[in-house]
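Here is a quick tour of one model, taken a piece at a time. Have the sequence and the structure open as you read.

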Amino acid sequence: MTRALVVIDGEHYPPVVRDAIATLPYEVVGAWLAGGTEKLRGDADYGVPLVAEVEDGFADVEVVVDLSDEPVLGPRERFLLASRALAAGLRYEGADFSFEPPLYAPFPLPSLAVIGTGKRVGKTAVTGHVARLFARDREVVVVAMGRGGPAQPVTADVQPTLETLLELSRAGEHAASDYLETAVLTGVVTIGCRRAGGGLAGAVTVSNVLEGAALAAEREPDVVVFDGSGAAIPPVEVDARILVTGGGQDPTAYLNAYRVLVSDLVVLIGGGDPARVRALKDIPVLQADLRLRPAAPLAGRRVAVFTTGPAPTDHLDADVVSVSRNLADRVLLREDLAGTEADVYLVEIKAAAIDVVAEAAAERDVEVIFADNEVVAPGLDEAVLRLVPAGARA
């Protein structure tokens, strides 16, 4: 029979709890008293032993059953408890909810995953930074999954060009998929995959990432970097994970706490409180900013900048004549383009970068230069190299 730990509180009379435990379809081997004293009279008998800390009861069970309620455990506290259970590989369930721990397939090579708390937090920029860092002295393959990825995993083993991306776009493909962005900006072999659906803890409904991982393993590189998608986590067991979160997001809220607990390094881009993360798990937490870096010299020319969000441009060696932050909104983007006159379009490889901006540039004979998002984070390189040291494959 499935062994269970129950979560209880002192706002219920112990006989009520004891009878409820007896109805569960599990072998209950312990209970954790989360708090509350109103209905406790001396030493309560719950029919099962109590554990001092909830994690003390995780070792010999498969499911955590929550029999508590407000006011002892509110929604935030319950999500944190669920995160701890899921990170331990346990199911967490209660009266009207059930969370399953995400499953990760074994992977035979040194590996690292870059995951995020949501879309456009800087995750792909960190993936590119990590890939370039490892590529200094190792053979690297990146496996990237996205909501616009190919039906079958595609290997970009030759650095794509603007012409390549235009051809893909005209053939109906998503030519600004994360794997193509990484391949263009890093020159590292990149395998593109797709996924659909994302669970609260980061599991995916459908993906071909395992097939992409198999292609990466066949190449026998020194290290494989798996790039997550939004808040979804690649379904592969890796040696280490880096969690990236953006300003305005709480990396400890809801099941983001799970993402922290399964990670080994957290990068806060654009602000955040490192102390809150470290209070949850004692791991390195670094502050970072993103800075646009042209892939080719701008040389003081008149430049129109196209991004998906706020991005400082004062540092660019250019006469910036316009800035559009509407790559993710094709209607507004086309309005911005209608009034744009420039010698160069500096564009992030995201959203409508190819099918709208690059096509407009081709019609107007305007040069396109891709923009990388440089990660500025003191200590990041050293922290990453500690996660997957050189020679880890041996």
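## A strand on the inside

How many of the 7 residues of strand S7 (residues 140-146) are buried? The count is 7 of the 7, so the strand is largely enclosed by the rest of the structure. Bear in mind that this is a predicted model.

Take the two faces of S7 in turn. One side carries Val140, Val142, Ala144 and Gly146, the other Val141, Val143 and Met145, and both are covered, with every one of these residues buried.

## Who sits beside S7

S7 has strand S11 (residues 223-227) as a partner: the two run parallel and are joined by 5 bridges. To find the pairing on screen, look for Val142, which stands opposite Val225 in S11.

Strand S9 (residues 189-198) also pairs with S7, again in the parallel sense, this time over 6 bridges. Here the residue to pick out is Val141, with Val189 of S9 opposite.

## Helix H6 and its buried face

Now turn to helix H6 (residues 209-219), where Val209, Gly212, Ala213 and Ala216 are buried. Looking down the axis of H6, you'd see these buried residues fall within an arc of 100°, so they line one face of the helix. The spacing fits a general rule: an α-helix has 3.6 residues a turn, so residues three or four places apart point the same way.

What do the buried residues of H6 pack against? They pack against S7, S9 and S11, plus strand S10 (204-207). That brings us back to S7, the strand whose residues are buried on both faces. Just after H6 comes Glu220, with a positive phi of about 50°.

## Backbone oddities in the loops

Some backbone angles deserve a look, given that most residues other than glycine have a negative phi, and most peptide bonds are trans. One exception is the bond between Glu70 and Pro71, which is cis, with omega at about 0°. Pro71 belongs to the loop between strand S3 (63-66) and helix H2 (75-87).

Arg120 isn't a glycine, yet its phi is positive, about 55°. You'll find Arg120 in the loop between strand S6 (111-116) and helix H3 (123-135). Ala351 isn't a glycine either, and has a positive phi of about 50°; its loop runs between strand S17 (344-348) and helix H10 (353-364).

Is Ala351 buried or exposed? At 15% relative accessibility, Ala351 counts as buried, because the cut-off is under 20%. Arg120, at 41%, counts as partly exposed.

Key:
Residues numbered from 1 in each chain as written. Predicted model: local features only at pLDDT ≥ 70, side-chain atom pairs only at ≥ 80, totals over all residues. Heavy atoms only, no water. Buried < 20%, exposed > 50% of the residue type's maximum accessible area, 1.4 Å probe, protein only. Helix = DSSP H or I, 4+ residues; strand = E, 2+ residues; numbered from the N terminus. Pairing = 2+ DSSP bridges. Arc of directions from axis to C-beta. Contact = heavy atoms within 4.5 Å.
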